[in-house]
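Dear colleague,

Here is the structure I promised to hand over, with the sequence beside it. Please open it first, and then read my notes below with the picture in view.

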Amino acid sequence: MAKKHWFERLSAALCRAFMVVLIALPGVSLASNNLTFAYSDKSPPYSFSLNGKTLGLLPDLVQLTFRFIPGYTTEHEVVPWARAQYNVKLGLADGLLTYPSKERKEYAVFSDKPLFTQDFGYLIYSADNPNIDLIESATSFADLSGLTVIVERGSRWEEENIPGYLEREPGRDIKAMMHLLTLREAGDFMVQPAEDARYMAQQLGYSEKLRVRQVGFIPNSRIPFHIGVSRQHPSAMDVINEVDAVTQNPEFQSELNTLIRRYR
C-alpha cells in the first residue's frame, strides 16, 4: 500500500511539473486568448510607431474589433512589413490586417468580410490650382488629358491604372509628391487614398490648401483589408468565426464607420 501511495504522489508531482513546462514553452501557452498583431512600422497613417507606441488606423481597427469579442485581448507590434508577414507565417505573431492574397492565405486564415477598404478612387489637388474647375467636373481620365498627374516613381498600380496619355511628374514618395503638388505646383493632381493625402498634408502644413474628390472612374481602386490569424495558432478558426460574427453587429458597424471617417 505504501508503495502504491508513493507512486501516486510521484505521478501527481510529475504531472504538475509537466504543466509548468508546457505553460513556459513558446507556442503552447494556455493563454492563447492574448493575440499579438503585427504591422508595418513605416506606413502612416495606417501603422507606425511613435515614442514606443503602436499607432494608426489598422491597430485602431483591430482593437475596436476585439473590444466586441469577450475573452480576447490584443497586443500590437510594428516591424518591417516583410518581417511582420514572416512572423505570422511562423506563428511568432498571431495575426495581421491586410489584403488576403493567395500567398497570405497559405499561412493565415482570413475573415469573410473586410474591416476596411483602402480606396485609391480619389483625386487630390490644391485649392490654388488654376484648373480646379476642370478637376472638379471631370467624369473620366479623358477629361483630364491636358493636365499633369503626379505619380510615385516605380508604382506598378499607377502604371497599370492611370492612362499613359496623361503627362506624368514622378515623385520619390508621397511626401515628395505632396511638395510637388502644393509647394512647387509641378502637377495638377494625384491619385491617392484620402487617408494618405490628409495625413501627409497635415504633417507638411498643407491641410488648408488640400482638396479631395472621390470619383468613380478609377479602375481597381479598392483594396480590401481583412483580419488574418496565423494557421499556427491553435484557435485560428475560432478567432475568425468570432470576428465574422462581430462584423454582423450593427453597433460595431456604426463605430467602425465613425473610426474610418476620422482618418478620411
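**A residue inside a loop**

Leaving out residues up to four places away in sequence, isoleucine 162 touches Phe141, Val149, Val151, Arg168 and Val191. This residue is found in the loop between α6 (156-161) and β11 (167-171). Is isoleucine 162 buried or exposed? Its relative accessibility is 2%, and since buried means under 20%, isoleucine 162 counts as buried. Please keep in mind, here and in everything that follows, that this is a predicted model.

Isoleucine 162 can also be placed with respect to isoleucine 218, for the two are 56 residues apart in sequence, and their C-alpha atoms are 7.7 Å apart in space. Isoleucine 218 comes up again with glycine 121, because the C-alpha atoms of glycine 121 and isoleucine 218 are separated by 5.5 Å, although their positions lie 97 residues apart along the chain. To put that last point more exactly, glycine 121 and isoleucine 218 are 97 residues apart along the chain. Glycine 121 has its place in the loop between β8 (116-119) and β9 (122-126), and at 1% relative accessibility it counts as buried. Leaving aside neighbours within four places in sequence, glycine 121 is in contact with Arg213, Gln214, Val215, Ile218 and Ser221.

**The whole protein**

Stepping back, the secondary structure comes to 10 helices and 14 strands, and buried residues make up 46% of the 264 residues in the protein. Among contacts between residues at least 6 apart in sequence, 68% join residues at least 24 apart.

**The nonpolar cores**

In soluble globular proteins, nonpolar side chains tend to be buried together. The largest nonpolar core here has 30 residues, of which Leu58, Leu61, Phe66, Leu97, Phe116 and Ile227 touch the most other members. The elements that give two or more residues to this core are β1 (34-40), α2 (57-67), β14 (222-230), α9 (236-246) and α10 (250-263). Which of these elements gives the largest share? The answer is α2, from which 6 residues of this core come. Apart from this core lies another one, of 19 residues, among them Ile132, Trp157, Val215 and Ile218.

To see one core residue in its surroundings, you could look at isoleucine 227, which touches Phe37, Thr65, Phe66, Leu96, Leu97, Val109, Phe110, Ser111, Leu115, Ile240 and Val243, again not counting residues up to four places away in sequence.

**Strand β14 and its partners**

Strands of a sheet pair through backbone hydrogen bonds, either parallel or antiparallel. Strand β14 is worth following from partner to partner. It is joined to β6 (95-98) by 4 bridges, the two strands running antiparallel, and in this pair leucine 96 stands opposite glycine 228. Strand β7 (residues 108-110) also runs antiparallel to β14, with 3 bridges between them, and here the bridge partner of alanine 108 is serine 230 in β14. Strand β8 pairs with β14 in the antiparallel sense over 4 bridges, with threonine 117 opposite proline 224.

**A small sheet**

There is also an open sheet of 3 strands, in the order β2-β3-β4, whose pairing is antiparallel. β2 (42-43) and β4 (53-55) stand at the edges, where each has a single partner strand, so one side of each is left without a neighbour in the sheet. Strand β3 (residues 47-50) is joined to β4 by 3 bridges, and phenylalanine 48 stands opposite leucine 55 in β4.

**Three helices**

In helix α3 (residues 81-90), the buried residues are Ala84, Gln85, Asn87 and Val88. Because they cover an arc of only 160° around the axis, they lie on the same side of α3. These buried residues pack against β1, β5 (73-79), β6, α4 (102-105) and β14. After α3 comes glycine 91, whose phi is positive, near 85°.

Helix α7 (residues 174-183) and helix α8 (residues 194-204) pack with their axes 10 Å apart, at an angle of about 75°. Since angles from 65 to 115 degrees count as roughly perpendicular, α7 and α8 are roughly perpendicular to each other. On the side of α7 the contact is made by Ile174, Lys175, Met178 and His179, and on the side of α8 by Asp196, Ala197, Met200, Ala201 and Leu204.

With best wishes

Terms used. Residues are numbered from 1 along each chain as its sequence is written. This is a predicted model: local features need pLDDT of at least 70, side-chain atom pairs count only at pLDDT 80 or more; totals for chains, interfaces and linings use all residues. Side-chain values use heavy atoms; hydrogens and water are left out. A nonpolar core is a set of buried Ala, Val, Leu, Ile, Met, Phe, Trp, Tyr and Cys residues joined through side-chain atoms within 4.5 Å. Buried means under 20% relative accessible area, exposed over 50%, partly exposed in between (1.4 Å probe, protein chains only). Contact means heavy atoms within 4.5 Å. Two strands pair if DSSP finds at least two bridges between them. The arc is that of the directions from the helix axis to the C-beta atoms. Axes are lines fitted to C-alpha atoms, for helices over the stretch in contact, and angles run from 0 to 180 degrees between N-to-C directions. Angles under 35 degrees count as roughly parallel, over 145 as roughly antiparallel, 65 to 115 as roughly perpendicular and the rest as oblique.
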